[in-house]
Amino acid sequence: MARENNDEEKKEATAKPKSGKLKLLIIAALVLLICGGGVAAWLFYFQDKLGTATEAKAVQKIHLPMETLLVNLADPGGKRYLKVSMNLVLSNALTAAEFNERSAELRDTVLLLFSSKKYDDISTYAGKTTLKQETMAQLNRRLTQGQVEDVHFTEFLVQ
(Lines give C-alpha, C1' and ligand atoms only; values in the text may rest on other atoms or scores of the structure.)
Protein backbone atom coordinates (compact mmCIF):
# COMPACT_ATOMS: atom_id res chain seq x y z
CA MET A 1 0.00 0.00 0.00
CA ALA A 2 2.83 2.30 0.72
CA ARG A 3 4.08 1.50 -2.71
CA GLU A 4 0.72 2.47 -4.25
CA ASN A 5 0.74 5.80 -2.40
CA ASN A 6 4.28 6.37 -3.56
CA ASP A 7 3.28 5.63 -7.20
CA GLU A 8 0.28 7.96 -6.97
CA GLU A 9 2.44 10.77 -5.58
CA LYS A 10 4.89 10.34 -8.46
CA LYS A 11 2.02 10.45 -10.97
CA GLU A 12 0.59 13.61 -9.39
CA ALA A 13 4.00 15.23 -9.25
CA THR A 14 4.54 14.33 -12.90
CA ALA A 15 1.03 15.42 -13.91
CA LYS A 16 1.16 18.83 -12.25
CA PRO A 17 4.19 20.10 -14.14
CA LYS A 18 2.66 18.88 -17.40
CA SER A 19 -0.61 20.68 -16.76
CA GLY A 20 1.33 23.77 -15.63
CA LYS A 21 3.40 23.69 -18.82
CA LEU A 22 0.25 23.17 -20.88
CA LYS A 23 -1.46 26.14 -19.23
CA LEU A 24 1.63 28.26 -19.77
CA LEU A 25 1.79 27.19 -23.41
CA ILE A 26 -1.90 28.01 -23.96
CA ILE A 27 -1.54 31.41 -22.29
CA ALA A 28 1.55 32.21 -24.37
CA ALA A 29 -0.25 31.20 -27.57
CA LEU A 30 -3.24 33.39 -26.67
CA VAL A 31 -1.01 36.36 -25.86
CA LEU A 32 0.83 35.96 -29.18
CA LEU A 33 -2.46 35.63 -31.04
CA ILE A 34 -3.92 38.76 -29.43
CA CYS A 35 -0.73 40.76 -29.97
CA GLY A 36 -0.45 39.59 -33.57
CA GLY A 37 -4.07 40.51 -34.23
CA GLY A 38 -3.55 43.92 -32.67
CA VAL A 39 -0.45 44.58 -34.75
CA ALA A 40 -2.21 43.41 -37.92
CA ALA A 41 -5.23 45.65 -37.20
CA TRP A 42 -2.97 48.62 -36.47
CA LEU A 43 -1.02 48.11 -39.71
CA PHE A 44 -4.21 47.66 -41.72
CA TYR A 45 -5.71 50.84 -40.25
CA PHE A 46 -2.66 53.03 -40.82
CA GLN A 47 -1.79 51.54 -44.20
CA ASP A 48 -5.31 52.42 -45.35
CA LYS A 49 -4.91 56.00 -44.08
CA LEU A 50 -1.48 56.42 -45.67
CA GLY A 51 -2.60 54.87 -48.96
CA THR A 52 -5.60 57.21 -49.19
CA ALA A 53 -3.44 60.27 -48.61
CA THR A 54 -0.96 59.16 -51.27
CA GLU A 55 -3.74 58.44 -53.76
CA ALA A 56 -5.36 61.82 -53.10
CA LYS A 57 -2.12 63.61 -53.95
CA ALA A 58 -1.54 61.51 -57.06
CA VAL A 59 -5.07 62.01 -58.42
CA GLN A 60 -5.04 65.80 -58.58
CA LYS A 61 -6.59 66.61 -61.94
CA ILE A 62 -6.33 69.97 -63.66
CA HIS A 63 -9.55 71.65 -64.78
CA LEU A 64 -8.99 73.97 -67.72
CA PRO A 65 -11.80 76.13 -69.10
CA MET A 66 -11.77 76.48 -72.87
CA GLU A 67 -12.91 79.66 -74.60
CA THR A 68 -16.43 79.67 -76.05
CA LEU A 69 -16.60 78.20 -79.54
CA LEU A 70 -19.10 79.27 -82.20
CA VAL A 71 -19.34 77.11 -85.33
CA ASN A 72 -21.72 76.58 -88.22
CA LEU A 73 -23.10 73.06 -88.30
CA ALA A 74 -22.83 70.89 -91.41
CA ASP A 75 -26.60 70.95 -92.03
CA PRO A 76 -27.75 71.69 -95.58
CA GLY A 77 -28.15 75.41 -96.11
CA GLY A 78 -25.79 76.29 -93.23
CA LYS A 79 -28.62 77.84 -91.18
CA ARG A 80 -27.74 76.29 -87.81
CA TYR A 81 -24.87 77.10 -85.52
CA LEU A 82 -23.48 75.67 -82.30
CA LYS A 83 -22.21 77.71 -79.38
CA VAL A 84 -20.22 75.64 -76.87
CA SER A 85 -18.28 76.39 -73.71
CA MET A 86 -16.49 73.54 -72.01
CA ASN A 87 -14.20 72.62 -69.20
CA LEU A 88 -11.47 70.06 -69.86
CA VAL A 89 -10.20 67.69 -67.17
CA LEU A 90 -6.48 67.16 -67.81
CA SER A 91 -4.31 64.42 -66.35
CA ASN A 92 -1.56 66.72 -65.00
CA ALA A 93 -0.04 70.19 -64.94
CA LEU A 94 2.27 69.41 -67.88
CA THR A 95 -0.78 68.78 -70.04
CA ALA A 96 -2.22 72.16 -69.02
CA ALA A 97 1.04 73.89 -69.92
CA GLU A 98 1.14 72.14 -73.28
CA PHE A 99 -2.49 73.03 -73.89
CA ASN A 100 -1.78 76.71 -73.21
CA GLU A 101 1.26 76.70 -75.53
CA ARG A 102 -0.60 75.00 -78.37
CA SER A 103 -4.07 76.47 -77.76
CA ALA A 104 -4.57 77.68 -81.35
CA GLU A 105 -3.81 74.25 -82.82
CA LEU A 106 -5.97 72.42 -80.27
CA ARG A 107 -8.82 74.90 -80.61
CA ASP A 108 -8.69 74.43 -84.40
CA THR A 109 -8.98 70.67 -83.89
CA VAL A 110 -12.13 71.11 -81.84
CA LEU A 111 -13.61 73.66 -84.27
CA LEU A 112 -13.12 71.32 -87.22
CA LEU A 113 -14.72 68.44 -85.33
CA PHE A 114 -17.75 70.46 -84.22
CA SER A 115 -18.30 72.06 -87.63
CA SER A 116 -18.44 68.61 -89.24
CA LYS A 117 -21.51 67.67 -87.16
CA LYS A 118 -25.15 67.95 -88.17
CA TYR A 119 -27.94 68.96 -85.83
CA ASP A 120 -29.28 65.40 -85.76
CA ASP A 121 -25.83 64.15 -84.65
CA ILE A 122 -25.73 66.33 -81.50
CA SER A 123 -29.36 66.99 -80.56
CA THR A 124 -29.77 63.91 -78.35
CA TYR A 125 -28.09 62.89 -75.11
CA ALA A 126 -26.31 60.04 -76.91
CA GLY A 127 -25.12 62.49 -79.57
CA LYS A 128 -23.66 64.85 -76.96
CA THR A 129 -21.96 61.95 -75.18
CA THR A 130 -20.47 60.80 -78.48
CA LEU A 131 -19.30 64.35 -79.17
CA LYS A 132 -17.52 64.41 -75.80
CA GLN A 133 -15.76 61.13 -76.58
CA GLU A 134 -14.74 62.32 -80.05
CA THR A 135 -13.45 65.61 -78.62
CA MET A 136 -11.29 63.76 -76.09
CA ALA A 137 -9.99 61.38 -78.76
CA GLN A 138 -9.08 64.22 -81.18
CA LEU A 139 -7.31 66.24 -78.49
CA ASN A 140 -5.47 63.23 -77.07
CA ARG A 141 -4.06 62.44 -80.53
CA ARG A 142 -2.39 65.83 -80.54
CA LEU A 143 -1.22 66.06 -76.91
CA THR A 144 2.15 64.61 -75.92
CA GLN A 145 2.46 65.51 -72.21
CA GLY A 146 -0.68 63.83 -70.89
CA GLN A 147 -4.32 63.38 -71.72
CA VAL A 148 -7.72 64.96 -71.62
CA GLU A 149 -9.59 62.67 -69.24
CA ASP A 150 -13.02 64.25 -69.48
CA VAL A 151 -14.94 67.05 -71.16
CA HIS A 152 -17.68 68.97 -69.36
CA PHE A 153 -19.96 71.11 -71.48
CA THR A 154 -20.78 74.25 -69.50
CA GLU A 155 -22.78 75.82 -72.32
CA PHE A 156 -24.32 74.04 -75.29
CA LEU A 157 -26.59 76.04 -77.57
CA VAL A 158 -27.81 75.04 -81.01
CA GLN A 159 -29.79 77.55 -83.05
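Which residues make a nonpolar surface patch of about 520 Å²? The answer is L22, I26, L30, L33 and I34. Before going further, keep in mind that this is a predicted model. The chain holds five helices and three strands, and 21% of its 159 residues count as buried. Here's a tour, topic by topic.

**The overall layout**

- Starting at the N terminus, the elements come in the order α-β-β-α-α-α-α-β.
- Helix 1 covers residues 2-58, and one of the residues it holds is I34, a member of the nonpolar patch.
- I34 has a relative accessible area of 62%, and it counts as exposed because that value is over 50%.

**How the strands pair up**

- Strand 1 (residues 62-72) pairs with strand 2 in the antiparallel sense, and nine bridges join the two.
- Strand 2 also runs antiparallel to strand 3 (residues 148-158), again over nine bridges.
- N87 is a handy residue to follow here: N87 in strand 2 is the bridge partner of P65, and N87 also has a bridge partner in strand 3, namely H152.
- Strand 2 spans residues 81-90 and is mostly covered, with seven of its 10 residues buried.
- L88 sits in strand 2 and has a relative accessible area of 0%, so it falls under the 20% cut-off and counts as buried.
- L88 and L64 are 24 residues apart in sequence, yet their C-alpha atoms are 5.1 Å apart in space.

**Salt bridges**

- Searching the whole structure turns up seven salt bridges; a few of them are picked out below.
- E149 and K61 meet through their side chains in one of these, at 2.9 Å from N to O.
- E149 belongs to strand 3, while K61 is in the loop between helix 1 and strand 1, so this pair ties together parts that are 88 residues apart in sequence.
- Both ends of that pair are partly exposed: E149 has a relative accessible area of 36%, and K61 comes in at 34%.
- R107 and E67 form another salt bridge, with 3.9 Å from N to O.
- R107 is in helix 3 (residues 103-115) and E67 is in strand 1, so here the linked parts are 40 residues apart in sequence.
- R107 is partly exposed, at 26% relative accessible area, whereas E67 is exposed, at 60%.
- R102 and E98 also form a salt bridge, and their closest N and O atoms are 2.5 Å apart.
- Is E98 buried or exposed? E98 is buried, at 6% relative accessibility, while R102 is partly exposed, at 23%.
- E98 and R102 don't stand by themselves: together with E105 they are linked in a network of salt bridges.

**Aromatic rings**

- How many aromatic pairs are there? The count comes to one.
- That pair is F153 and F156, whose ring centres are 5.1 Å apart.
- Why does the F153 and F156 pair count as tilted? The angle between the planes is 55°, and planes under 30 degrees apart would be stacked and those over 60 edge-to-face, so this pair falls into the remaining class, tilted.
- F156 is partly exposed, with a relative accessible area of 23%.
- Y119 has a charged neighbour over its ring: R80 lies over the face of Y119, at 4.0 Å from the ring centre.

**Where the chain's parts meet**

- K79 is in the loop between strand 1 and strand 2, and with 73% relative accessibility K79 counts as exposed.
- What separates the C-alpha atoms of K79 and Q159? The gap is 8.2 Å, although the two residues are 80 residues apart along the chain.

**Worth a look in the viewer**

- For strand pairing, start from N87, whose bridge partners include P65 and H152.
- For contrast in exposure, put L88, buried at 0%, beside K79, exposed at 73%.
- For a link across the sequence, pick the salt bridge of E149 and K61, which ties together parts that are 88 residues apart.

Key
Residues are numbered from 1 along each chain as its sequence is written. This is a predicted model: local features need pLDDT of at least 70, side-chain atom pairs count only at pLDDT 80 or more; totals for chains, interfaces and linings use all residues. Side-chain values use heavy atoms; hydrogens and water are left out. Rings of Phe, Tyr and Trp (its six-membered ring) pair if their centres lie within 6.5 Å; planes under 30 degrees apart count as stacked, over 60 as edge-to-face and the rest as tilted. Buried means under 20% relative accessible area, exposed over 50%, partly exposed in between (1.4 Å probe, protein chains only). A charge sits over a ring if NZ of Lys or CZ of Arg is within 6 Å of the ring centre and within 35 degrees of the ring normal. Patches are made of residues with over 30% relative accessible area and no salt bridge: like charges are joined within 9 Å, nonpolar side chains (Val, Leu, Ile, Met, Phe, Trp, Tyr) within 5 Å. Accessible areas come from the Shrake-Rupley method with a 1.4 Å probe; for residues, only the protein chains shown count as cover. A salt bridge is a side-chain nitrogen of Lys or Arg within 4 Å of a carboxyl oxygen of Asp or Glu. Helices (H or I, at least four residues) and strands (E, at least two) are DSSP runs, numbered from the N terminus. Two strands pair if DSSP finds at least two bridges between them.
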